[in-house]
Amino acid sequence: QAKLAGKNRYHCFDTEHDRSARGRHASLERIRHALANNEFVLYYQPKVNMRTGVVVGAEALIRWQHPEQGLLPPNVFLPVIEDHPLGVELGEWVIDTALRQIAAWHASGLNLAVSVNIGARQLQQSDFVERLRALLHAHPHVKPSRLGLEVLESSAFEDLSCISTVIAACRALGVHVDLDDFGTGYSSLTYLKRLPVNALKIDQSFVRDMLDDPEDLAIVESVLGLAAAFRRQAIAEGVETCEHGLRLLQLGCKLAQGYGIARPMPAAALPEWSASWQPDPSWMAQPPLSRE
Ligand code: C2E
Ligand code: MG
Ligand code: MG
Ligand code: MG
């Protein structure tokens with residue numbers, strides 16, 4: 001009797017488990033097929049200096065050009081693979097594609113730095129640095145300093161000493177490393193001290209609301225203060241309007257990215273965009289702060 005109940009229970013669990021496992025398996029297979037079939041594409045969002053008008057680089061953002069569903073954003077497919085070896089494979093494709101793009105732009109006279117987003121799992125692969133080195137070697141015409149890695153602030157607290165060692169090794173290769181979505185994770189000052197990053201990317205949620213919400217403004221100001229104290233650069237994400245840019249410049253933040261400057265665009269559109277982009281005249285009129 002007990003055996004039967006046990007068996008039934010097991011069977012019941014097994015059926016449910018099987019169903020979700022099968023769903024996941026199907027999604028993984030679709031993503032694997034998409035990768036083999038070249039359906040992934042990188043879009044590029046410019047990063048600019050709002051005061052000088054210089055386009056300092058671009059962030060590569062992955063999209064899935066799905067044959068039936070159109071252009072899919074990363075939140076639709078990345079969560080499915082983030083804990084799977086396929087996530088690491090796709091991550092390598094991203095770095096390789098970005099390096100290829102840097103080389104292609106360079107050959108056409110456009111010297112842009114490109115940063116790619118690195119998932120926490122990918123960064124914690126024991127051979128991440130070796131693979132990065134191999135990818136850089138495969139693109140000998142690309143200066144490593146043209147490549148940047150964006151690491152989520154929240155990946156740091158999984159294993160601080162491991163992450164800081166990996167970041168230091170990437171920096172030793174010449175690659176830049178920035179902390180993404182800064183302010184949304186839990187960064188004690190000790191963390192920041194131990195993470196040898198180039199820049200803090202102020203999360204877009206704070207930037208977007210800082211004009212109306214004094215607390216968000218306080219967070220933006222604090223991150224800028226931290227960046228200055230630790231001699232790191234600061235870059236604001238989510239600059240949607242001219243007023244955002246102006247306020248940031250008044251606070252001493254000149255590097256920015258956001259829909260108000262440019263939306264992520266296909267690689268082919270970026271040369272023309274960067275040749276014609278001009279900062280808002282009100283931005284250029286802002287006197288520099290001593291912090292700059
Ligand atoms: P993220 O790295 O923080 O990238 C910024 C996201 O905000 C992008 O969304 C971008 O399109 C969007 N964005 C930029 N400016 C504005 C703005 O002014 N307003 C608003 N509302 N949004 C803005 P996207 O492309 O959907 O990417 C979402 C997240 O997916 C990224 O956040 C990043 O964490 C992740 N991701 C994207 N590409 C990759 C990738 O190749 N690998 C990995 N591991 N993660 C990626
Ligand atoms: Mg990013
Ligand atoms: Mg971000
Ligand atoms: Mg984000």
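Start by selecting Arg231: just after helix H9, Arg231 takes a positive phi of about 55°. (Helices are DSSP runs of H or I with at least four residues, strands are E runs with at least two, and both are numbered from the N terminus.) You're looking at a predicted model, where local features need pLDDT of at least 70, side-chain atom pairs count only at pLDDT 80 or more, and totals for chains, interfaces and linings use all residues. Residues count from 1 along each chain as written, chains are lettered from A and ligands numbered from 1 in the order written, and side-chain values use heavy atoms, leaving out hydrogens and water.

Now select H9 itself, residues 214–229. Its 16 residues should span 22 Å at 1.5 Å a residue (times one less than the number of residues), and the end C-alpha atoms are 22 Å apart, which agrees.

At the N-terminal end, pick Asp213: a side-chain oxygen of Asp213 caps H9, lying 2.8 Å from the backbone nitrogen of Glu215.

Next, colour the buried residues of H9 (under 20% relative accessible area, 1.4 Å probe, protein chains only): Asp216, Leu217, Val220, Val223, Leu224, Leu226 and Ala227. What covers them includes strand E6 (176–182) and helix H10 (242–251).

Stay with E6 and click Asp180. Which residues coordinate the magnesium ion (ligand 2)? Glu59 (OE), Asn117 (OD1), Glu150 (OE) and Asp180 (OD) do, at 2.0 to 2.2 Å. (Donors are N, O and S atoms within 2.8 Å of the metal, or 3.2 Å for Na, K and Ca; water is not among the atoms, so sites may look incomplete.) Asp180 also coordinates the magnesium ion (ligand 3), 4.2 Å from ligand 2.

Last stop: select Glu59 in strand E2 (residues 55–66), 121 residues from Asp180. Both Glu59 and Asp180 are buried.

Terms used: Buried means under 20% relative accessible area, exposed over 50%, partly exposed in between (1.4 Å probe, protein chains only). Contact means heavy atoms within 4.5 Å. A polar contact is a pair of N or O atoms within 3.5 Å; within protein, one must be able to donate a hydrogen and the other to accept it, and residues adjacent in sequence count only if both atoms are side-chain atoms.
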